[in-house]
Amino acid sequence: MTATRILVLNSGSSSLKYQLIDMADGSRLASGLVERIGEETSRVKHGERETSGPIADHEAALKAVSHELETDGLGLDSPELAAVGHRVVHGGLKFTAPTLITDEVLAEIERLVPVAPLHNPANITGIRTAQALRPDLPQVAVFDTAFHTTMPEYAARYAIDVETADAHRIRRYGFHGTSHAYVSRETAKLLGKMPEEVNVIVLHLGNGASASAVRGGVCVDTSMGLTPLEGLVMGTRSGDIDPAVVFHLSRVAGMSVDEIDVLLNKKSGMVGLCGDNDMREVVRRALAGDGAAQLAFGVYVHRLKKYIGAYSAVLGRVDAVAFTAGVGENSAPVREAAIDGLEEMGYALDADLNSVRSDEPRLISPDYARVAVAVVPTDEELEIAQQVYALVRG
């Protein structure tokens with residue numbers, strides 16, 4: 001029997017998302033979420049089933065997942081399980097492709113913890129737990145940063161002292177790489193072309209948000225940097241900001257580095273501007289005349305337009321711009337506002353097409369538009385599974 005199933009794990013600091021995908025036909029055999037790990041009211045959601053109770057740690061969480069899968073006849077001991085794929089947020093410059101996890105690989109992921117303190121430790125915990133449960137099974141890391149390692153050095157470098165930057169690994173890495181890779185390829189397919197033939201701007205707009213410029217299937221620029229804080233306005237993150245704001249808050253407001261970190265990562269963005277990080281609520285409030293929500297929406301869209309314009313210049317020729325993730329896929333007002341006024345650059349929207357809700361990849365621009373505008377639902381789990389399966393088969 002050929003093993004064709006891939007279990008995809010995405011371990012957060014207090015959560016564990018998972019999908020079991022059969023690569024023979026791309027079907028989802030199971031999916032679910034364990035959240036509030038370490039709390040008394042932990043919750044396990046497996047398909048339509050839901051249970052709650054204390055789950056002490058990630059080991060207990062993965063055992064709970066294993067139990068749910070076994071209940072459905074899909075246990076971790078199945079000979080049809082080919083590998084476990086782990087989403088790892090930060091791979092630095094060393095990991096440019098899916099990588100079989102060894103002790104040396106784990107040590108390098110640990111060395112990157114200082115530049116991803118919120119994410120890599122949870123990813124490591126998930127890997128070690130899965131290794132303990134199935135030590136005989138290939139464990140593969142797929143890195144958020146890998147797709148962006150193709151950026152030219154002049155796009156990845158910050159203009160600071162080179163020795164200091166190199167000593168502390170300070171450069172632009174980019175994130176959401178599995179989404180940008182998947183969506184850029186699907187956009188080319190939507191246009192009836194190969195990825196090598198098209199230039200695409202991908203706008204991954206969720207609570208976290210990032211943009212990328214993809215030339216011929218290769219990333220040449222992206223908005224996130226050393227950390228996921230840089231770039232677009234996000235749900236709770238500021239995105240681009242004058243670095244001197246940090247010095248000013250320290251000197252004038254007496255804020256500590258940790259307090260400023262919390263401010264910029266958790267109390268800024270849309271929630272900082274208007275108190276809401278749900279774009280649906282922001283739009284509802286803005287349409288009702290709420291000034292704070294109108295300002296927040298305006299700041300969000302203004303930043304988005306700047307990146308579309310900047311990446312149009314970086315690419316020179318743009319064949320398509322693709323909206324994806326929660327906001328990108330579902331907010332017609334955001335898409336309309338982002339494209340409005342860019343007609344001279346070749347962008348245009350069809351209002352009727354833009355208003356349609358669908359889970360399918362689709363074009364929402366009129367036939368005459370020089371640049372195609374697309375909505376392409378992302379599928380990071382499938383992208384991870386595809387990369388893992390290709391590696392273990394090879």
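**Note on the six-stranded sheet, S184 and the second largest pocket**

1. In this predicted model, R215 of the β10 strand faces V218 in β11. The two strands, β10 and β11, run antiparallel and are paired over four bridges. Two residues lie between them in the hairpin, where G216 has a positive phi near 60 degrees.

2. On its other pairing, β10 meets strand β9 (residues 199–205), again in the antiparallel sense, over seven bridges. L205 is placed opposite A209 in β10. The link from β9 to β10 is a hairpin of three residues.

3. Strand β10 covers residues 209–215, and six of its seven residues are buried, so the rest of the structure largely encloses this strand.

4. These strands belong to an open sheet of six, with mixed pairing and the order β11-β10-β9-β12-β14-β13. β11 (218–222) and β13 (362–363) are the edge strands; each has a single partner, so one side of each lacks a neighbour in the sheet. As background, the strands of a sheet pair through backbone hydrogen bonds, in either a parallel or an antiparallel sense.

5. The parallel sense appears between strand β12 (residues 320–324) and strand β14 (residues 372–375), which share four bridges. Within this part of the sheet, F323 stands across from V375 in β14.

6. S184 sits in helix α6, which spans residues 177–190. Is S184 buried or exposed? S184 counts as buried because its relative accessibility is 6%, and the cut-off for buried is under 20%. A polar atom of the S184 side chain lies 3.0 Å from the backbone oxygen of A181. Leaving aside residues up to four places away in sequence, S184 touches F147, V200, V202 and V214. Of these contacts, V200 and V202 fall within the 199–205 range of β9, while V214 falls within the 209–215 range of β10.

7. The second largest pocket holds about 320 Å³ of space. Its lining comprises 19 residues, with D278, M279, R280, G326 and V327 lying nearest the centre. Three elements each give two or more residues to this lining: α10 (279–287), α12 (325–330) and α13 (332–339).

8. What kinds of residue line the second largest pocket? Nine are nonpolar, seven are polar and three are charged. Among the residues nearest the centre, D278 and R280 are of types that count as charged, whereas M279 and V327 are of nonpolar types. G326 is placed with the polar group, since Gly is counted there.

Key: Residues numbered from 1 in each chain as written. Predicted model: local features only at pLDDT ≥ 70, side-chain atom pairs only at ≥ 80, totals over all residues. Heavy atoms only, no water. 1 Å grid on protein atoms, 1.4 Å probe; cavity = no way out; pocket = protein on both sides within 12 Å on 5 of 7 lines; lining within 4 Å. Points joined across faces, edges and corners; volume = space filled by probe spheres on them. Buried < 20%, exposed > 50% of the residue type's maximum accessible area, 1.4 Å probe, protein only. Polar contact = N/O pair within 3.5 Å; in protein donor to acceptor, adjacent residues only side chain to side chain. Contact = heavy atoms within 4.5 Å. Pairing = 2+ DSSP bridges.
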